[in-house]
Amino acid sequence: MAQSYDLIVIGSGPGGYVAAIRASQLGMKVAVVERESLGGICLNWGCIPTKALLKSAQVFQYFKHAEAYGIAAGDFNPQFDKIISRSRATADKMSKGISFLFKKNKIDTLQGSGRLTAGKKVLVTGADGKSSEYSAPNIIIATGARSRQLPNLPQDGKRIIGYREAMVLPKQPESMIVVGAGAIGCEFAYFYNSIGTKVTLVEYMDRLVPVEDEEVSKDLARQFKKQGIGVKTSTSVEEAKVTDKGVNVRIKGKKGEETLESEIVLSAVGITPNLENIGLEELGIKKDKQGRIEVDDYYRTNVQGIYAIGDIVHGPALAHVASAEGITCVESIAGLKPEPIDYGNLPGCTYCQPEIASVGMTEKQAIEAGYEVKVGKFPFTASGKATAAGATEGFVKVVFDAKYGEWLGAHMIGANVTEMIAEVVVARKLETTGHEIIKSVHPHPTMSEAIMEATAAAYGEVIHL
């Protein structure tokens with residue numbers, strides 16, 4: 001007789017574990033299936049440990065430039081093994097935090113790989129090969145994603161690696177080629193370059209962080225080149241050959257072909273959803289044209305009682321998006337009739353230095369959508385707080401609809417902008433106008449007052465430019 005629950009969640013990433021906790025709060029008996037560590041990729045191999053690495057790099061950069069702040073520093077060098085150990089310890093602490101939350105909310109953890117079977121059942125197979133069956137009227141698939149592999153850049157886990165290996169290399173490489181200039185690629189390029197690895201960043205599109213506003217991409221490229229990172233855009237990887245010393249990578253750009261040599265190649269060209277061997281085909285669960293599970297506004301699949309959230313459905317593959325989807329899904333199951341997620345108001349962040357944060361339409365997207373726009377821009381060179389902090393790189397750019405004052409988008413590059421973007425998300429949720437932002441008194445001196453100044457610039461009222 002299969003043990004029964006009100007809800008079984010397959011996967012304990014930021015979508016799965018959040019859904020499980022919210023379901024428990026709503027009175028459901030919940031179990032979560034997990035084959036590795038609680039917290040999924042985000043807590044163990046993504047968001048959290050990478051931020052620990054980036055903080056170590058930032059601290060090292062502080063030491064390198066200490067004299068600019070009036071501080072005499074002695075000899076110092078990055079200790080790569082200790083940087084990695086700190087990152088892993090951070091991840092382990094966060095994973096244990098999820099375990100505590102599960103116990104607090106009386107959520108059962110089913111260790112092993114989950115597979116959907118007929119009759120609203122989940123077969124869980126442990127590392128020892130033994131299987132147990134569980135049942136629930138509601139099952140959420142939250143299996144996440146893994147590093148995407150290119151045919152001409154096959155990962156061997158040693159010389160050609162993905163993001164997981166990049167976090168636990170046995171020693172710091174002297175040189176690295178990073179293929180892909182999205183958030184993951186840019187963060188690792190910054191980290192390794194900052195601690196002394198010679199880094200070349202290769203991007204197939206015509207600019208770095210191609211989903212961002214074009215001015216942000218241009219400024220990041222300028223900053224990366226200033227930091228010593230090699231930047232090659234509009235460039236494809238044709239072939240990669242592993243040698244005794246590293247990897248020879250043949251690339252093709254605007255000036256033709258050339259071969260780069262590197263100790264390590266990091267492939268950061270996106271992700272692939274984990275949908276194999278979980279029983280989708282047997283149950284007839286539909287996928288969309290992108291190969292992700294097809295769901296409605298409340299994450300219901302075409303099979304009654306089966307739901308899907310996170311990286312395996314439409315929308316950006318971001319931890320905070322998966323969490324929001326998990327809550328919306330569970331509240332719908334509980335009959336609370338939650339408001340569907342507005343996918344046009346989801347913030348995106350990249351945590352290299354300078355940081356990048358954005359939400360809504362870019363200037364180009366707004367014009368293409370038919371809006372007449374008002375655009376304001378405020379550089380951090382004009383910010384008192386940024387100047388005092390020695391962090392004057394970047395700017396805040398805002399886009400408004402000229403006719404009705406709707407806040408269409410915001411795009412930031414600079415220190416701590418990932419902490420600032422939430423103001424814009426909330427303001428857009430509340431349908432705040434530009435004039436209301438200008439009249440909302442922002443504290444001085446702060447980095448965040450640049451949002452108000454940029455808005456004032458859009459309406460011809462800026463004071464400090």
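Two helices whose axes meet at an angle under 35 degrees count as roughly parallel. In this predicted model, helices H6 and H7 pack at an angle of about 20 degrees, and they are therefore roughly parallel to each other. Their axes lie 11 Å apart, and the crossing of H6 and H7 is left-handed. On the side of H6, the contact is made by Cys-186, Tyr-190 and Asn-193, which meet Leu-220, Phe-224 and Gln-227 of H7. By class, the contact of H6 with H7 comprises four nonpolar and two polar residues, with no charged residues.

Helix H6, which spans residues 183-194, also packs against helix H3, formed by residues 47-64. In this pair the angle is about 40 degrees and the axes are 9 Å apart; H3 and H6 are therefore oblique to each other. The crossing of H3 and H6 is left-handed. From H3, the residues in contact are Thr-50, Lys-51, Leu-53, Leu-54, Ala-57, Gln-58, Phe-60 and Gln-61, while H6 contributes Glu-187, Phe-188, Tyr-190, Phe-191 and Ser-194. Seven nonpolar, four polar and two charged residues make up the contact of H3 with H6. Tyr-190 of H6 thus takes part in the contact with H3 as well as in the contact with H7.

These helices also take part in the second largest pocket, which has a volume of about 1,100 Å³. Of the 29 residues lining this pocket, Gln-58, Tyr-62, Tyr-190, Gln-353 and Glu-393 are the closest to its centre. At least two lining residues are supplied by each of H3, H6, helix H7 (214-227) and helix H11 (384-389). The largest share of the lining, seven residues, comes from H3. By class, the lining of the second largest pocket has eleven nonpolar, eleven polar and seven charged residues. Gln-58 of H3 and Tyr-190 of H6, both among the residues closest to the pocket centre, also belong to the contact between H3 and H6.

A further helix pair is formed by H1 (residues 16-25) and H9 (residues 319-333), whose axes come within 8 Å and cross at roughly 35 degrees. The crossing of H1 and H9 is right-handed. In H1, Val-18, Ala-19, Arg-22 and Ala-23 meet Ser-323, Gly-326, Ile-327, Val-330 and Glu-331 of H9. The contact of H1 with H9 consists of five nonpolar, two polar and two charged residues.

Key. Residues are numbered from 1 along each chain as its sequence is written. This is a predicted model: local features need pLDDT of at least 70, side-chain atom pairs count only at pLDDT 80 or more; totals for chains, interfaces and linings use all residues. Side-chain values use heavy atoms; hydrogens and water are left out. Axes are lines fitted to C-alpha atoms, for helices over the stretch in contact, and angles run from 0 to 180 degrees between N-to-C directions. Helices (H or I, at least four residues) and strands (E, at least two) are DSSP runs, numbered from the N terminus. Angles under 35 degrees count as roughly parallel, over 145 as roughly antiparallel, 65 to 115 as roughly perpendicular and the rest as oblique. A crossing is left-handed if the near helix is turned anticlockwise from the far one by less than a right angle, and right-handed if clockwise. Contact means heavy atoms within 4.5 Å. Ala, Val, Leu, Ile, Met, Phe, Trp, Tyr, Cys and Pro count as nonpolar, Asp, Glu, Lys and Arg as charged, and the others, Gly among them, as polar. On a 1 Å grid over the protein atoms alone, a cavity is a set of points where a 1.4 Å probe fits but cannot get out, and a pocket is an open set with protein on both sides within 12 Å along at least five of seven lines; lining residues have an atom within 4 Å of a point. Grid points are joined across faces, edges and corners, and a volume is the space filled by probe spheres set on the points.
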